[in-house]
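Student: Could we go through this model with questions and answers? I would like to begin once the sequence and structure are on screen.

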Amino acid sequence: MSQRTVQQLFDLKGKTALVTGGSRGLGLQMAHALGEAGARIMLSSRKADDLEQATGDLQAAGIDARWIAADCSKEEDTRRLADQTLERMGAIDILVNNAGASWGAPAESHPVEAWDKVMNLNVRGYFILSQQVANQYMIPKKTGRIINIASIAGLNGNPPDIQTLAYNTSKTAVIGFTKTLAAEWGKYNINVNAICPGFFMTKMATKLIQNIGEEKMTATVPLGRLGDDEDLKGLTVLYASDAGKHITGQWMAVDGGVSVVLA
C-alpha cells in the first residue's frame, strides 16, 4: 500500500457513525466533525424533537444524517438502537458513547437512586451498546472504532463546591473500561479510546458554570477559556479515522490544560 496523505488518512467517506447523546452539545459537535470528514451519521438521544432539529442542522451542512430516539440507561432501548441502526445503515464503523447524566449532591447525602441513574447511563449503557455493536458488526468485520466520552472529572477529585460523586466515579470507570476493552478487542482490530472534556458551555454544565462564575471557572485554566463548539472536532476525527489507527486504550483531556495544574 502506498503511503497516504494526511487528507486521505483523515477521510471518513464510506464510514457510518452512531453518536449517542447526539442531539446537542458535545455529541452534536462530534457528529458534525465526523460528518464533515465524510461519515454518514446516526444520532440518538431520548427526545425526538431535539433529534429532528439536530438532524436538520447536520443535513443543512450537507451531511447524510438520520436519527433514532432511545434511552441508553435502559437495556432494551440500547439493544434496539444497535439493531435498528444496523438495519437502517448497514454498518456501525464508529461508535461514539456520549450519552450521559450528572447529579449534584454532597457525598454524605447523595441519593442511591441518583447514583444508579448516573451509573446506568454513563457506564452500563456504554458497556451494553459497545458489546452489542461489536458482536453484531465490528467483531465479524474485524474493524471498528469506539470513542468513549469520559471527563476530566474522572481524573481527580473536585474543588469542595463541586459535589458530583456519582458523575466523577462513572467517568473514572469509563477510563478503565476504555483501557480494558482496548486490550481485549485489539485482536479484532477494534480501537477503543476516550476523550476527557473539561468545561464546555453545554446544557449539562451551564448551571454549574453559572453558579461558580465563568471568570472564577477559567481563572485556573492555563489557556484561560472554556471549551467551544469546535474544540472536540480534531480529536474525534483522529480517533475515528486511519490517522489514529495505531492509537488504542488511550484517553486525552481537552480542557485548556486545567487537569495538569493544581487549583
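**Strand 5 and its surroundings**

Student: Which residue in strand 6 stands opposite Arg 145?
Tutor: The model is predicted, so to speak by record: local features need pLDDT of at least 70, side-chain atom pairs count only at pLDDT 80 or more, and totals for chains, interfaces and linings use all residues. Residues are numbered from 1 along each chain as its sequence is written, and side-chain values use heavy atoms, with hydrogens and water left out. Strands (E, at least two residues) and helices (H or I, at least four) are DSSP runs numbered from the N terminus. Opposite Arg 145, in strand 6, stands Asn 191.

Student: In which sense do strand 5 and strand 6 pair?
Tutor: Two strands pair if DSSP finds at least two bridges between them. Strand 5 and strand 6 (residues 190-197) have 6 bridges, and the sense is parallel.

Student: Which helix joins strand 5 and strand 6 in a β-α-β unit, and what is the hand of that unit?
Tutor: Right-handed means that, with the strands pointing away from the viewer, the path from the first strand over the helix to the second runs clockwise. The unit of strand 5, a helix at residues 165-185 and strand 6 is right-handed, and the helix is helix 6.

Student: Which residue of strand 4 stands opposite Ile 147?
Tutor: Strand 4 (residues 94-97) pairs with strand 5 in the parallel sense over 4 bridges. The two strands also form a right-handed β-α-β unit with helix 5 (residues 112-141). Opposite Ile 147 stands Val 96.

Student: Are the residues of strand 5 buried or exposed?
Tutor: Side chains in a regular strand alternate between the two faces of the sheet. Gly 144, Ile 146 and Asn 148 point one way, and Arg 145, Ile 147 and Ile 149 the other. Buried means under 20% relative accessible area, exposed over 50% and partly exposed in between, with a 1.4 Å probe and protein chains only. On both sides of strand 5 (residues 144-149), 6 of 6 residues are buried.

Student: Which residues lie nearest the centre of the second largest pocket?
Tutor: A pocket is an open set of points on a 1 Å grid over the protein atoms alone, with protein on both sides within 12 Å along at least five of seven lines; lining residues have an atom within 4 Å of a point. Helix 1 (6-9) and strand 5 each supply at least two lining residues. The lining has 17 residues, and nearest the centre lie Lys 15, Arg 145, Ala 240, Ser 241 and Asp 242.

Conventions. 1 Å grid on protein atoms, 1.4 Å probe; cavity = no way out; pocket = protein on both sides within 12 Å on 5 of 7 lines; lining within 4 Å.
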